[in-house]
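Please open the model in your viewer and keep the selection tool at hand. The stops below are meant to be taken in order, each beginning with something to select.

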Amino acid sequence: MSRVLLSLGLVVTSIFVAPTAQAETPAEILAMIKAEASATAGFQGFSAARGETFFHAKHGGEWSCSSCHTDNPMNEGKHAKTEKLIKPLAPAANAERFTEVKKVEKWFKRNCNDVLDRECTAQEKGDVLSYLMAAGTKHVEAPSAAPVAAQAAVVAPAAAVVHKAATAKKKATS
Amino acid sequence: MSQKILVWDAPTRVFHWVQALCFLGAYLTSDSEKTRDIHVALGYILFGLIVFRLLWGFIGTRYAKFSSFVYGPSKIISYLVALFKDKAEHYVGHNPVGSVAIWLLLSGGLTLGVTGVMLLQDDVADIVEDIHGYATNAMLAVIAVHLLGVFMSSFLHKENLVRAMITGFKPGEASLGIKCAYNWLAAVMLLIVVGFGVYYLK
């Protein structure tokens, strides 16, 4: 009898624990958005600069993202209607941000509708998330016009040089 | 034969219809941050009305009193069985199955109010919002059953239960009616509700 109860307890507990065990990182969520955006013809990658412009714009409506989250996502925000305090949106200021897919989907859906009267495209979400991930860090971004492939072509040889130097150094010291 | 007797007092009726409207309005304004202030105002009114109803359930008129519609499981089941056999006994006040709906709706509304107020605070765990959502869905399910039950009972007993909840009157024996409608209290309730709405949304 007690074994049955124990098993039942484990099953019930796991039902509650399982969803929470699936935490993501902002980078993983950005990758998911990128996968979605790549399906659109002409996709050339995300841009934090474009995301910043998007974040501050009113898009023809009453609100911008800044209306509640302020101009600087490192800051605490305030609800434009209820004045409730909103914790910072930038992952650098708030480690909980962009760690749960369901939560990200819910709030993008709701708030894009609030600001733009429509859903945000994957391009827009990726740009905004890139901006938010860059906020509060020393990240310097490459020009937004550069295609992703060109950037990779620059990075790869450099990485190869670094790797070669590292292995040479290792051989020398062993 | 039976005549029209007063069954539902005015505060109970005002409570019923205003909280139904508040629930509907709050539901429709739940998805947007732009209507968050309206949602909160309606939520506060709903919460206040439920607190009133909980008090009125102890000091109110005969059929509003909780003691008049507390039924044991066997009574509830036998009424449900009889209902589907078209043989349900006629109750002047809430019938056993209807009363279950009321308990569930009052608990659900209370849960919504408490979690709602918690959600207005600056530091709230995500689970509070989840509970707020679950309670809403549970209420919707019970409301659907409640509406079905009202129409089934109305049809079965050939009485207009919706109209009875507006006017307060139902056919019945004179001795079973309540004496006072407490119209003045209903008027006070409406004043407070409207006053609060205007004050909050200014």
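In which loop of chain B is B:Asp86 found? Select B:Asp86 and follow the backbone to either side: in this predicted model, the residue is found in the loop between helix 3 (73-84) and helix 4 of chain B. B:Asp86 has a positive phi of about 65° although it is not a glycine, and with 9 C-beta neighbours inside 10 Å it counts as exposed, because the cut-off for that class is 12 or fewer.

**Chain B as a whole**

Now widen the selection to chain B, which has seven helices and two strands, and trace the chain from its N terminus, where the elements run β-α-α-α-α-α-α-β-α. The radius of gyration of chain B is 18 Å, close to the 17 Å that the globule rule gives for 202 residues, so chain B is as compact as a globular protein of that length. If you turn the chain along its principal axes, its C-alpha atoms fill a box of roughly 60 × 35 × 25 Å. Of the 202 residues of chain B, 25% count as buried, and among the contacts in this chain with a separation of 6 or more, 71% come from residues 24 or more positions apart.

**Helices 1 and 7 of chain B**

Next select residues 10-28 and residues 183-200 of chain B, which are helix 1 and helix 7, and look along their axes, which come within 7 Å and cross at roughly 30°. An angle under 35 degrees counts as roughly parallel, and helix 1 and helix 7 of chain B are therefore roughly parallel to each other. To see the contact itself, show the side chains of B:Ala10, B:Pro11, B:Val14 and B:Val18 on helix 1 of chain B, together with B:Asn183, B:Leu185, B:Ala186, B:Met189, B:Leu190 and B:Val193 on helix 7 of chain B. Colouring this contact by residue class gives nine nonpolar residues, one polar residue and no charged ones.

**Helices 2 and 4 of chain B**

Move on to residues 36-59 and residues 96-119 of chain B, helix 2 and helix 4, whose axes come within 9 Å and cross at roughly 135°. That angle makes helix 2 of chain B oblique to helix 4 of chain B, and the crossing of these two helices is left-handed. On the helix 2 side, pick out B:Gly43, B:Leu46, B:Phe47, B:Ile50 and B:Arg53, which meet B:Leu106, B:Gly109, B:Leu110, B:Gly113 and B:Gly116 of helix 4 of chain B. By class, this contact of helix 2 with helix 4 of chain B has five nonpolar, four polar and one charged residues.

While helix 2 of chain B is still displayed, select B:Phe52, whose place is in that helix. Is B:Phe52 buried or partly exposed? B:Phe52 is partly exposed, because it has 19 other C-beta atoms within 10 Å and a buried residue needs 20 or more. A distance drawn from B:Phe52 to B:Tyr199, C-alpha to C-alpha, spans 20 Å in space, and these two residues are 147 apart in sequence.

**Where chain B touches chain A**

Bring chain A into view beside chain B, and look at the contact, which takes nine residues from chain B and nine residues from chain A. On the side of chain B that touches chain A, the residues divide into two nonpolar, one polar and six charged.

**Chain A**

Chain A has seven helices and two strands, and from the N terminus on its elements run α-α-α-α-β-β-α-α-α. Of the 174 residues of chain A, 19% count as buried, while 61% of its contacts between residues at least 6 apart in sequence join residues at least 24 apart.

Select helix 3 (residues 48-56) and helix 6 of chain A, whose axes come within 7 Å and cross at roughly 100°; these two helices are therefore roughly perpendicular to each other. Here A:Ala48, A:Arg50, A:Gly51, A:Glu52, A:Phe54 and A:Phe55 of helix 3 of chain A meet A:Glu124, A:Asp127, A:Val128, A:Ser130, A:Tyr131 and A:Ala134 of helix 6 of chain A. The residues of this contact divide into six nonpolar, two polar and four charged.

For the last stop, select A:Asp117, which lies in the loop between helix 5 (101-116) and helix 6 (122-134) of chain A. Phi of A:Asp117 is near 60°, a positive value in a residue other than glycine, and A:Asp117 is exposed, with 11 other C-beta atoms within 10 Å.

Note on methods
Residues are numbered from 1 along each chain as its sequence is written. Chains are lettered from A and ligands numbered from 1 in the order in which they are written. This is a predicted model: local features need pLDDT of at least 70, side-chain atom pairs count only at pLDDT 80 or more; totals for chains, interfaces and linings use all residues. Axes are lines fitted to C-alpha atoms, for helices over the stretch in contact, and angles run from 0 to 180 degrees between N-to-C directions. Helices (H or I, at least four residues) and strands (E, at least two) are DSSP runs, numbered from the N terminus. Angles under 35 degrees count as roughly parallel, over 145 as roughly antiparallel, 65 to 115 as roughly perpendicular and the rest as oblique. Two residues are in contact if their C-beta atoms, placed from the backbone, lie within 7 Å. Ala, Val, Leu, Ile, Met, Phe, Trp, Tyr, Cys and Pro count as nonpolar, Asp, Glu, Lys and Arg as charged, and the others, Gly among them, as polar. A crossing is left-handed if the near helix is turned anticlockwise from the far one by less than a right angle, and right-handed if clockwise. The radius of gyration is taken over C-alpha atoms; the globule rule is 2.2 Å times the number of residues to the power 0.38.
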